[in-house]
Amino acid sequence: MTDNPSSTMIEVSNLSKSYGPIEAVSKVSFSVKRGEIVGFLGPNGAGKTTCLKIMTCFIAPSAGSVKIAGMDVQEKPREVRQKFGYLPENAPIYGDMIVYDYLAYVGALRGLSGKKLTTQLAAVAERVGIGRVLGQVAGTLSKGYRQRVCLAQALIHDPEILILDEPTVGLDPNQVVEIRSLIKQLGSERTVILSSHILPEVLVTCDRLIIIHRGGIVADGTPAQLQEQMATNPPVIVRLASGANGFEEKVVRAFESAGFAGQVRQKHVGLAGEVEFELVSRDGADIRSRAVEVVGANGWKLLEVRRDLMDIEGLFRRLTQE
Amino acid sequence: MRNVWVMGKKEFVSYFSSPIAYVAITVFLVIVGLKFFVVDQFFETGEASLRSFFSLVPAFFVFYLPAIAMRLVSEEKRMGTFELLATLPVSDAEIVLGKFLGALGFLVVTLALTLAYPVVLLALGEPDVGAMSGGYLGLVLIGATFLSIGIMCSAWTNSQIVAYILGAVLSSLFFFMDRLLGAFWEGARRVAEYASFDSHFNNFTRGVLDTRDIVFFVTVTAICLVVAAFSINSRRWN
């Protein structure tokens, strides 16, 4: 691997995985560059975990390939596994082991030994804040500590890539904030891919979102890019003070006959004395000023004009609902 | 190989970090002791031999060792730690060998605790040292074979109970095969005798070290471990 900062660390191409007749993942392709924090977002059962399990060489794909740091996961599973640290869903841990022994065990299987293992273990424990529980039996840990210990396990060999499956599930709000900021810190020096079904989580920790739904990618980009993509031809909302009987129909007819709006409909407001209309531009141009002209020509009382940019929450819902 | 050692050590230690190991070993020693001293009346018969010991222990192993092996893979699958283990840079064969090594260590400890019997015999009379050492070697070999069957069954399921039942059933089929089959089908007797663990084991206790018996147990053990490794690997294709 070169040290080129923009080199590709994870390359997924045309990945498919079927469980019997059910296609869990279908022709998924994306790549992750060095240093990126990528959020893998989708509703439960969308295929996130399946993708991660293939990336970590736990299961084999039905078709397609995954390359980690330039190596195919099918051809060089051992080398690939050394490149990443993995936090599986639900942070599995050996309940009967002392936390220190557990980390030393994983470290040893990662090829660390002797002084290197002890210093690395101490550094990681400090990093994720588990120094206090190193002597505790893992089965007695709180969910938050358990998650941290499992994260420490993923970091023990100082990997270039971190793969985290639902890292904050089951934590209380304070713990969620702590783990998120920890991930963000860790992401400043390595490539991170994390899966989640919680949008705000991905928004605060990740530079980039990949939204997956029913086994396929439905969106890929930074939050701003996604908003931009979805914002082509956003509807214009015009709010007016309501008039006499039949006012609404009159307004709709006036906007329609002005010619710039392809679609005009009244929206429900729920406030007495106010009415709202949604206008969609015929050719994609910004029609706010022309709408205002129509309002002025008719002498209606204008309360508000705005473009209805969909927020990322709405975008997520729209992409993942059918 | 280092990974096998690391995993074997972890499994070995984890046996002794729960009370189950101590309970299991105690039960084993008490039953063996009762049979040796009370049922077979060691002091009354006045014979310096371990024959009664060697006749009981393999039959006891049929039900004891599947319990020692049952959790090795199934529990990891149930707890989800298996996913962690299998995504570390270790191969499926190493996982199986590591688990086998840990369980074998437990078996050796169990057997070592019975060395009091030969020591007593040597103090009291003139036992056949060849037959005794052969018997112990036979116990390690037949025990290793039962453990490998247990690990194989453990790799097939994520339930310890299912793993135990499968392991005990398979082990007893192999162990009692000659008596079972031979009882109602004379023609199969010779085949059954060859495949039966019991008949191979009995050669050891007579002090006869036949390569064929050693090869038999080593081969069955190897086959079971290979099947276990393939079973672990099959998750990738399901």
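In the predicted model, strand E1 (residues 8–19) and strand E2 (residues 22–33) of chain A are paired in the antiparallel sense through 8 bridges. Within this pairing, A:Thr8 of the chain lies opposite A:Lys33 in E2(A), and the hairpin formed by E1(A) and E2(A) has 2 residues between the strands, with A:Gly20 adopting a positive phi near 60 degrees. E1(A) is also joined by 5 bridges to strand E4 (residues 63–68) of chain A, the two running antiparallel, and here A:Ile10 stands opposite A:Ile68 in E4(A).

Chain A is divided into domain 1 (8–221) and domain 2 (236–310), and the centres of these two domains of chain A, taken over C-alpha atoms, are separated by 49 Å.

An open sheet of 4 strands in chain A follows the order E12-E13-E11-E14, with antiparallel pairing. Its edge strands, each of which pairs on one side only, are strand E12 (261–267) and strand E14 (302–307) of chain A, and the twist from one strand to the next averages 20 degrees. E12(A) runs antiparallel to strand E13 (residues 274–281) of chain A, to which 6 bridges join it, and A:Gln263 is found opposite A:Val280 in E13(A). Helix H9 (residues 247–258) of chain A packs on the sheet, where it touches strand E11 (236–241), E12 and E13 of chain A, and the direction of H9 makes about 165 degrees with that of E12(A). Helix H10 (residues 288–298) of chain A likewise packs on the sheet, touching E11, E13 and E14 of chain A, with a direction that makes about 160 degrees with that of E14(A).

Note on methods:
Residues are numbered from 1 along each chain as its sequence is written. Chains are lettered from A and ligands numbered from 1 in the order in which they are written. This is a predicted model: local features need pLDDT of at least 70, side-chain atom pairs count only at pLDDT 80 or more; totals for chains, interfaces and linings use all residues. Two strands pair if DSSP finds at least two bridges between them. Axes are lines fitted to C-alpha atoms, for helices over the stretch in contact, and angles run from 0 to 180 degrees between N-to-C directions. Two residues are in contact if their C-beta atoms, placed from the backbone, lie within 7 Å. Domain bounds come from an automatic or database domain assignment.
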